[in-house]
Amino acid sequence: MNGLVAVTVYFAAAMLVHGARVATMASDGNWGGALGVLVGQLLFFYVVQAILYFGWRWLSGDRSRTLYTSRINYLSLALGLLSLAGQMNVAMRHGL
């Protein structure tokens, strides 16, 4: 999977989960909070991707160069979507 496709799918899912909250923040004039919610999601994706990449390189050596563009994007997307599902569950329980 292309990295851009993974980021786009993850960002679209983050907008579905946090869209109403971000829109309310932006309409109240709290642009910093709205951008922080969205940028935080992208930072989470890239931090997970970097941890997986360097962890895999540490475990398998230099023979893992092609793995970066294939399986690590899938794993990062899967972990990111699981985190969004957890955030949605917490938001539903607390009425956010």
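Here are some short exercises, with worked solutions, on the predicted model shown above.

**Exercise 1. Work out the overall layout of the chain: how many helices and how many strands are there?**

Start by counting elements: you should get three helices and zero strands. Next, read them off from the N terminus, which gives the order α-α-α. Now look at how the chain packs. Take the contacts between residues at least 6 apart in sequence: 65% of them join residues at least 24 apart. Finally, check the burial: of the 96 residues, 28% count as buried.

**Exercise 2. Compare the end-to-end span of H2 with what its residue count predicts.**

H2 covers residues 31-60. Its 30 residues, at 1.5 Å a residue, should span 44 Å. The end C-alpha atoms sit 43 Å apart, so span and expectation agree. Past the end of this helix comes Gly61, with a positive phi near 85°.

**Exercise 3. Do the same for H1, then find where the helix bends.**

H1 takes in residues 3-27, 25 residues in all. A straight helix would reach 36 Å, but here the end C-alpha atoms are only 32 Å apart. Now go hunting for a bend: there's one of about 70° at His18. His18 is also on the list of buried H1 residues, along with others including Tyr10, Gly19 and Val22. After the helix you meet Gly29, whose phi is positive, near 95°.

**Exercise 4. Decide whether Ser76 is buried or exposed, and find what it touches.**

First place the residue: Ser76 belongs to H3, residues 67-94. Then check its relative accessibility, which is 1%. The cut-off for buried is under 20%, so Ser76 counts as buried. For the contacts, skip neighbours within four places in sequence; that leaves Phe45, Val48, Gln49 and Leu52. Now look these up in H2: Phe45, Val48 and Gln49 are among its buried residues.

**Exercise 5. Classify Leu43 as buried or exposed, then see which surface patch it helps to make.**

Leu43 lies in H2. Its relative accessible area is 51%, and exposed means over 50%, so Leu43 is exposed. Next, look at its partners on the surface: Leu43 joins Trp31, Leu35 and Val39 in a nonpolar patch of about 430 Å². To put that in context, the chain exposes about 6,300 Å², and carbon and sulfur atoms supply 70% of that area.

Terms used. Residues numbered from 1 in each chain as written. Predicted model: local features only at pLDDT ≥ 70, side-chain atom pairs only at ≥ 80, totals over all residues. Heavy atoms only, no water. Helix = DSSP H or I, 4+ residues; strand = E, 2+ residues; numbered from the N terminus. Expected span 1.5 Å × (residues − 1). Bend = angle between axes of the 7 residues up to and from the residue. Buried < 20%, exposed > 50% of the residue type's maximum accessible area, 1.4 Å probe, protein only. Patch = residues over 30% accessible without salt bridge, like charges linked within 9 Å, V, L, I, M, F, W, Y side chains within 5 Å. Areas by Shrake-Rupley, 256 points an atom, 1.4 Å probe, with all protein chains shown as cover. Salt bridge = Lys/Arg side-chain N within 4 Å of Asp/Glu carboxyl O. Contact = heavy atoms within 4.5 Å.
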